[in-house]
Amino acid sequence: DVQWLVQTAPNAVFEVDEAAGTGSGRVLITETFLTKKGEPGMLVGIYHDRYVRVGTAWLFAERRIEAVNRT
């Protein structure tokens, strides 16, 4: 559990197949946080996403995170 968390996503790459209504993405994230015990922490990671179009909306079909560095 955390007291607060700030997440930024400075870099993202998306690939979309409009005809098939599918897509994928890779989103680099950094998180800086403070735990409820008062301990600071940081995470650098990459979201690996799959998307699907339902009607006119694009939705997450899958999302997993790869932690690159965690302190």
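I will talk about the charged side chains of this predicted model, and then about one patch on its surface.

Let me begin with the salt bridges, of which the count comes to three. One of them joins the side chains of arginine 53 and glutamate 18, with an N to O distance of 2.8 Å. This pair links distant parts of the chain, since arginine 53 belongs to strand S3, residues 40-54, while glutamate 18 sits in the loop between strand S1, residues 2-17, and S2, the two being 35 residues apart. Arginine 53 itself is partly exposed, at a relative accessible area of 28%.

The other two pairs I want to show you run between strands S3 and S4. In the pair of aspartate 49 and arginine 63, the side chains meet in a salt bridge of 2.8 Å, again taken from N to O. Aspartate 49 lies in strand S3 and arginine 63 in strand S4, so this salt bridge ties together parts of the chain that are 14 residues apart in sequence. The two partners differ in their cover: aspartate 49 counts as buried, at 4% relative accessibility, whereas arginine 63, at 39%, counts as partly exposed.

Arginine 50 and glutamate 62 also form a salt bridge, and their closest N and O atoms are 2.8 Å apart. Here arginine 50 is in strand S3 and glutamate 62 in strand S4, with their positions 12 residues apart in the chain. Arginine 50 is partly exposed, with a relative accessible area of 45%, and glutamate 62 is partly exposed as well, at 37%.

Now, what does glutamate 31, which is buried, have around it if it has no salt bridge? This residue is found in strand S2, residues 22-35, and the nearest side chain of opposite charge, arginine 70, is 7.6 Å away. A salt bridge would need a side-chain nitrogen within 4 Å of a carboxyl oxygen, so that distance is not one at which the pair would be counted. What glutamate 31 does have is a polar contact of 2.8 Å between its side chain and that of glutamine 7. Leaving aside residues up to four places away in sequence, glutamate 31 touches Leu5, Val6, Gln7, Gly41, Met42 and Leu43.

Finally, let me turn to the surface, where Phe14, Val16 and Trp58 make a nonpolar patch of about 300 Å². Of these residues, tryptophan 58 is found in strand S4, which covers residues 57-70, and tryptophan 58 is partly exposed, with a relative accessible area of 34%.

How values were computed:
Residues are numbered from 1 along each chain as its sequence is written. This is a predicted model: local features need pLDDT of at least 70, side-chain atom pairs count only at pLDDT 80 or more; totals for chains, interfaces and linings use all residues. Side-chain values use heavy atoms; hydrogens and water are left out. Patches are made of residues with over 30% relative accessible area and no salt bridge: like charges are joined within 9 Å, nonpolar side chains (Val, Leu, Ile, Met, Phe, Trp, Tyr) within 5 Å. Accessible areas come from the Shrake-Rupley method with a 1.4 Å probe; for residues, only the protein chains shown count as cover. Helices (H or I, at least four residues) and strands (E, at least two) are DSSP runs, numbered from the N terminus. Buried means under 20% relative accessible area, exposed over 50%, partly exposed in between (1.4 Å probe, protein chains only). Lys and Arg count as positive and Asp and Glu as negative; His and the chain ends are not counted. A polar contact is a pair of N or O atoms within 3.5 Å; within protein, one must be able to donate a hydrogen and the other to accept it, and residues adjacent in sequence count only if both atoms are side-chain atoms. Contact means heavy atoms within 4.5 Å.
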